[in-house]
Amino acid sequence: MNLSQEAGDASSELLFVNFNQDATSLAVGTKNGYRLFPLNVLDRLEPSFEKEGGEVCIIERLFSSSLVAMVELSNPRKLRVCHFKKNSEICTYSYPDTILSVKLSRQRLVVVLRQNLYLHNIRDMKVMHTIRDTPKNPSGLCALSVDNDNGYLAYPGSSQVCSTSYHPVQITVSTHVHWA
């Protein structure tokens with residue numbers, strides 16, 4: 001959840017919070033860096049890793065690996081992919097608009113902008129595909145399946161669930177939710 005987009009408590013240090021793909025870790029972005037919390041012992045929540053510096057408004061960890069993808073408020077169009085245990089930057093990418101969301105799977109990294117989605121191959125970080133001119137998505141809503149056999153991507157305004165291997169999938173997604 002990206003709290004930097006919300007009109008909330010200005011005194012709060014918290015900017016982002018999210019579980020990794022298998023809910024074994026919690027990533028927290030703050031006005032002073034980020035923290036990673038293991039969730040194997042729940043009686044006490046202590047960070048397994050802390051990185052000071054920068055207002056981290058998006059931080060995503062790939063399962064329980066050392067790979068993290070992050071965006072800072074000071075440069076919201078720049079994605080940094082890092083190996084946090086080695087304290088090294090693997091790569092950076094700049095985009096034409098503010099990054100609203102980042103999703104990871106074992107095969108893909110997806111970057112969501114207001115009207116574009118960029119799909120990267122996680123192995124070499126090359127852009128595999130760009131989905132352009134999507135309906136405006138100011139919240140950066142996007143879902144990426146983590147199933148190795150069925151890499152699906154869903155986002156607002158899509159009339160299909162897209163396969164991340166780029167084969168059209170004939171499944172209709174309703175964009176309307178009805179509450180009883």
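Thr 134 touches Arg 114, Gln 115, Asn 116, Leu 117 and Tyr 155, leaving aside residues up to four places away in sequence. This threonine is found in the loop between β12 and β13. Thr 134 is nevertheless buried, because its relative accessible area is 5% and buried means under 20%. The model in which these contacts appear is a predicted one.

The residue just before it in the numbering, Asp 133, lies in the loop between β12 (127-131) and β13 (143-144). Asp 133 is exposed, with a relative accessible area of 67%. The backbone of Asp 133 also deserves attention: its phi is positive, about 55 degrees, although the residue is not a glycine. Most residues other than glycine have a negative phi.

With this loop in mind, the reader may turn to the chain as a whole. The secondary structure of the protein chain comes to 0 helices and 15 strands. The chain has 180 residues, of which 39% count as buried. Among contacts between residues at least 6 apart in sequence, 29% join residues at least 24 apart.

How are the strands β1, β2, β3 and β4 arranged? They form an open sheet of 4 strands in the order β1-β2-β3-β4, and the pairing is antiparallel. β1 and β4 (49-52) stand at the edges; each has a single partner strand, so one side of each is left without a neighbour in the sheet. From one strand to the next, the twist in this sheet averages 10 degrees. Within the sheet, β2 and strand β3 (residues 33-38) pair in the antiparallel sense over 6 bridges. One of the residues concerned is Thr 30, whose bridge partner in β3 is Gly 33.

Two loops of this region are instructive. The loop between β1 (14-19) and β2 (25-30) is the place of Ala 23. Ala 23 has a positive phi of about 55 degrees although it is not a glycine. Is Ala 23 buried, partly exposed or exposed? Ala 23 is partly exposed, because its relative accessible area of 44% falls in between the limits of 20% and 50%.

Ala 23 is also among the residues touched by Leu 39, which lies in the loop between β3 and β4. Not counting residues up to four places away in sequence, Leu 39 touches Phe 19, Ala 23, Thr 24, Ser 25, Leu 26 and Leu 45. The C-alpha atoms of Leu 39 and Leu 26 are separated by 7.1 Å, while the two residues are 13 residues apart along the chain. Leu 39 counts as buried because its relative accessible area is 18%, under the limit of 20%.

Further along the chain is another open sheet. It has 4 strands in the order β5-β6-β7-β8, with antiparallel pairing. Its edge strands are β5 (56-61) and β8 (88-94), each of which pairs on one side only. The twist here averages 20 degrees from one strand to the next. Strand β6 (residues 67-72) pairs with strand β7 (residues 75-83) in the antiparallel sense over 5 bridges. In this pairing, the bridge partner of Ala 69 in β7 is Val 81.

A hairpin comes next: β9 and β10 form it, with 3 residues between them. Strand β9 (residues 101-104) and strand β10 (residues 108-112) are paired in the antiparallel sense over 4 bridges. In this hairpin, Leu 104 stands opposite Leu 109 in β10.

Side chains provide a further view of the structure. The count of aromatic pairs comes to 4. Ring pairs link Tyr 34, Phe 49 and Phe 84 into a cluster. Another ring, that of Phe 63, has the charged end of Arg 106 sitting over it, 3.6 Å from the ring centre.

The cysteines complete the account. A disulfide is a covalent bond between the sulfur atoms of two cysteines. How many disulfides does the structure hold? The number is 0. Cys 57 is buried, with a relative accessible area of 3%. Cys 142 also counts as buried, at 14% relative accessibility.

How values were computed. Residues numbered from 1 in each chain as written. Predicted model: local features only at pLDDT ≥ 70, side-chain atom pairs only at ≥ 80, totals over all residues. Heavy atoms only, no water. Phe/Tyr/Trp six-rings, centres within 6.5 Å; stacked < 30°, edge-to-face > 60°. Lys NZ or Arg CZ within 6 Å of the ring centre and 35° of its normal. Helix = DSSP H or I, 4+ residues; strand = E, 2+ residues; numbered from the N terminus. Buried < 20%, exposed > 50% of the residue type's maximum accessible area, 1.4 Å probe, protein only. Disulfide = S-S within 2.5 Å. Contact = heavy atoms within 4.5 Å. Pairing = 2+ DSSP bridges. Axes fitted to C-alpha atoms, helices over the stretch in contact; angles between N-to-C directions.
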